[in-house]
Amino acid sequence: MTAPLPSWKAVIEPRAAEVLHTMGASGFKELHDQMVLFMRSLALEVGDAVQAGKTPPGLPMTIDGVVWYSIPVFNERVFFSYSIFPDQQQIRICDFIWIE
């Protein structure tokens with residue numbers, strides 16, 4: 001029997017987590033939960049892209065030597081930026097913008 005492969009994770013930085021928390025606490029719990037699932041799914045998709053040598057989703061931009069990818073969430077007034085840390089099998093969400 002082989003051990004399961006570790007799964008990629010989405011890590012939400014503190015400022016982005018505050019916005020996500022506010023979303024849920026403001027009566028938008030369903031949207032909050034959808035965003036959590038979206039980010040989890042994105043982490044898996046990014047992991048697959050990295051493993052396959054393909055470009056991950058989003059618009060890339062480099063800031064201080066770190067490549068960030070900007071993602072709008074279709075049909076929602078939400079977008080965020082993430083960076084990739086393949087050695088830790090995670091994406092880190094730093095900017096989370098929600099227009100209420």
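Ser81 sits in strand E4, which spans residues 78–85. The model is predicted. At a relative accessible area of 6%, Ser81 counts as buried, because that value is under the 20% cut-off. The points below take Ser81 and its contacts, then the nonpolar core, then strand E5 and the surface patch.

**Ser81 in strand E4**
- Beyond residues up to four places away in sequence, Ser81 touches Met61, Trp68, Tyr69 and Ser70.
- Its contacts also include Arg92, Ile93, Cys94 and Asp95.

**The largest nonpolar core**
- This core holds 21 residues.
- Met23, Met35, Phe80, Tyr82, Ile91 and Phe96 touch the most other members.
- Two or more residues come from each of these elements: helix H1 (14–25), helix H2 (29–52), strand E3 (66–73), E4 and E5.
- H2 is the main contributor, giving six residues, the most of any element.

**Met23 and its contacts**
- Met23 is one of the core residues that touch the most other members.
- Leaving out residues up to four places away in sequence, Met23 touches Phe28, Lys29, Leu31, His32 and Met35.
- Val78, Phe96 and Trp98 are also among the contacts of Met23.

**Leu31 in helix H2**
- Leu31 belongs to helix H2.
- Its relative accessible area is 10%, so Leu31 is buried.
- Outside its neighbours within four places in sequence, Leu31 contacts Met23, Glu76 and Trp98.
- Leu31 and Val78 are 47 residues apart along the chain, yet their C-alpha atoms are separated by 9.8 Å.

**Gln90 in strand E5**
- Gln90 lies in strand E5.
- Gln90 is buried because its relative accessible area, 13%, is under 20%.
- The side chains of Gln90 and Arg92 are joined by a polar contact of 2.7 Å.
- Arg92 is also among the residues that Ser81 touches.
- Not counting residues up to four places away in sequence, Gln90 touches Trp8, Lys9 and Val11.
- Ser83, Ile84 and Phe85 are also in contact with Gln90.

**The nonpolar surface patch**
- Phe79, Ile97 and Ile99 make a nonpolar surface patch of about 240 Å².
- Ile99 is found in the segment after strand E5 (90–98).
- With 48% relative accessibility, Ile99 is partly exposed, because this value falls between the 20% and 50% limits.

Methods: Residues are numbered from 1 along each chain as its sequence is written. This is a predicted model: local features need pLDDT of at least 70, side-chain atom pairs count only at pLDDT 80 or more; totals for chains, interfaces and linings use all residues. Side-chain values use heavy atoms; hydrogens and water are left out. Helices (H or I, at least four residues) and strands (E, at least two) are DSSP runs, numbered from the N terminus. Buried means under 20% relative accessible area, exposed over 50%, partly exposed in between (1.4 Å probe, protein chains only). Contact means heavy atoms within 4.5 Å. Patches are made of residues with over 30% relative accessible area and no salt bridge: like charges are joined within 9 Å, nonpolar side chains (Val, Leu, Ile, Met, Phe, Trp, Tyr) within 5 Å. Accessible areas come from the Shrake-Rupley method with a 1.4 Å probe; for residues, only the protein chains shown count as cover. A salt bridge is a side-chain nitrogen of Lys or Arg within 4 Å of a carboxyl oxygen of Asp or Glu. A nonpolar core is a set of buried Ala, Val, Leu, Ile, Met, Phe, Trp, Tyr and Cys residues joined through side-chain atoms within 4.5 Å. A polar contact is a pair of N or O atoms within 3.5 Å; within protein, one must be able to donate a hydrogen and the other to accept it, and residues adjacent in sequence count only if both atoms are side-chain atoms.
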